[in-house]
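Please read these points with the model open beside you. They take up the annotated spans and then the empty spaces.

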Amino acid sequence: MFPSAWLHGDPRKVLHATDSYGQFCGQDGTPNAKKPILFYFNILKCANPSVLINLQCPTTQMCVSKCPDRFATYTDMQLQNALGSSYWNYYRQFCKPGFNNPNKPVSQVLRDEDCPSMIIPSRPFLQRCLPDFIPLNGTLTVANHTRFRDALDAPRSVAELRQAANGITGLVDAKEWGMKIVEDYAKSWQWILIGLLIAAAVSLTFILLLRFTAGLLLWVTILAVMLLVAYGTHWYYCYPCLFYTQCDTPFIYGNYSLYNACILLKVINEGICLSFHCSPLHRATGHIMSSLFYPLITFLLLALFISYWAVTAVANPPPAPMQTFNRKSNWSAAARASCEGSRCTFALYGGETPYHRYLFLLQLFNLLACLWLLNFSLALEQCTLAGAFASYYWARRRPRDVPPCPLFSSFSRAVRYHTGSLAFGSLILSVVQLARILLEYLDEKLRGANNVVARFIVCCLKCCFWCLERFIRYMNRNAYIMVAIYGTNFCTSAREAFFLLMRNVVRVAVLDRVTDFLLFLGKLLIAGGVGVLAFFVFDRKLTIFVEVPDLNFYWVPIVTVFLGSYLIAHGFFSVYAMCVDTLFLCFCEDLERNDGSAERPFFMSPGLHQLLGKSSPSR
């Protein structure tokens, strides 16, 4: 939210605003300890809301204890000060500290920016004083005023304030929404946790049931998904009719029924294949049950690396100390005469040291290191699971010949012998991902430009790098499998995996389509089922023993539970997907190394051999 804090490396900037001298507002132990709000001398210069967030508004900024609650100009204050000092005492709290000369000419005050030319009714938002806009009879006002005059007696309108603060009201609404969402999370986090635990239990049960009732569970999944799709489509199409007594949309329902019929035919076709496809695979996960819990280790590693990157990106080493520059004592008379009215204002923390000059490059390197660590954690998981499932496949007599603790043994081999291969493959993928991030950044910078050619080139590069990332990710996955099986280096494993897949390209296409469809059905069923359950609970359509808290937006916990359930199911099913890919490469290797004779029997099971269209192996 505050990119300057990320770039300049001071985490306090995320929590506190800074004035024109670089001092934090509301920071304990400083002169601004009791002044937590930032006040802008001329809010009209802050035309872009991003300027406010980045603390680069070209006007003097002072820390104050409260925002002004009235219209006033410096000229009005001077006139009223003759009647009493209370007017000046109120106005001076928005001036520079130490300034106490209410009789100073207005032109000199504005030149030296000792005080604001005017103050307007404001309210604090994000620790900043912003105009207090109030709609009155359809007209936007500030303190019931639509027009006012500044210190130079120039006419001003609330429309100018609104234009200067364009987008700020959206930020206000976003803050209110954010506060309500945080409040909803605070009230419902226990319920969300229960929903996620249910999703984890259902995911684990689903994987376990595949070992015993693969075919039956498949058809139950298909029918359940069909019911969820039908229920969701019903609410989608009937939503405009919810406020009427009858939903008369025959044409829509006709198309909807035809659409569901097409889906049903596709599902049945896929289900016939999947009911046979599951059997040779669920036995491997059933014999290596510990593999289902390995994603927890990966999750902890990912959380650790992301946290380390975030802390490193924000909390850099402290910047060089600031030096006070005294204009009167250090400038010559000629310099003061040629730069009359000039002043020194705070720009940013840092200096001209090599550290500050190359800070952006250091942050990019930090981001690359984070991506590298994340991809390495995923690579370690894939290599470990591949080694465990490969040891199951190449066992002649299962499960007796399967080595004890296959997952731990595979993990030990991956850490001891294959770290370099995993790191190299992860680095290649990380560099491509960093290039995509830079292209996104460049595309964002070019959005306001009119250079159509440049934007077209960037768009083409984004598409190419997206395809390249997908290809590298797929090849890395298969290369790690070959590394786990043969122990060869990354380049050799990637080359062998590529040519092996090309020699079985038809099987690869069929296997990917069928496997992806099965796993998608399972994830959709679990996430949709738990999401529907959460909907009934929070909408009070399901009676439970404990009272459900009142929420501002009941969709907040429902969406959270749905997305969290999908991610949890994805974590469990990723083990199953790795099992499929590993056994498939082992199957292709088995076909090329053996012929099914008594001298060279296949390692594959008869069911797997029959499924993929070969004659029955002689075993």
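1. Residues 291–311 are 86% helix and 0% strand, with their end C-alpha atoms 32 Å apart, helices being DSSP runs of H or I of at least four residues and strands runs of E of at least two, numbered from the N terminus. This span is one of those that UniProt, in an unreviewed entry, gives as "transmembrane region"; such annotations may be inferred rather than shown by experiment. Another of them, residues 189–209, is 100% helix and 0% strand, and its end C-alpha atoms are 30 Å apart.

2. The model is predicted, so that local features need pLDDT of at least 70 and side-chain atom pairs count only at pLDDT 80 or more, while totals for chains, interfaces and linings use all residues. Residues are numbered from 1 along each chain as its sequence is written, and side-chain values use heavy atoms, without hydrogens or water.

3. The largest pocket (an open set of points on a 1 Å grid over the protein atoms alone, with protein on both sides within 12 Å along at least five of seven lines) holds about 1,500 Å³ of space. Its lining comprises 38 residues, and Leu 378, Gln 382, Arg 477, His 570 and Ser 574 lie nearest the centre. The helix α22 gives the largest share of this lining, eleven residues, and α12 (294–314) is among the helices that each supply at least two.

4. Seven cavities of 30 Å³ or more are present, a cavity being a set of grid points where a 1.4 Å probe fits but cannot get out. The largest cavity has a volume of about 120 Å³, and its lining residues (those with an atom within 4 Å of a point) include Phe 39, Tyr 40, Met 118 and Cys 129.

Definitions and conventions:
Points joined across faces, edges and corners; volume = space filled by probe spheres on them.
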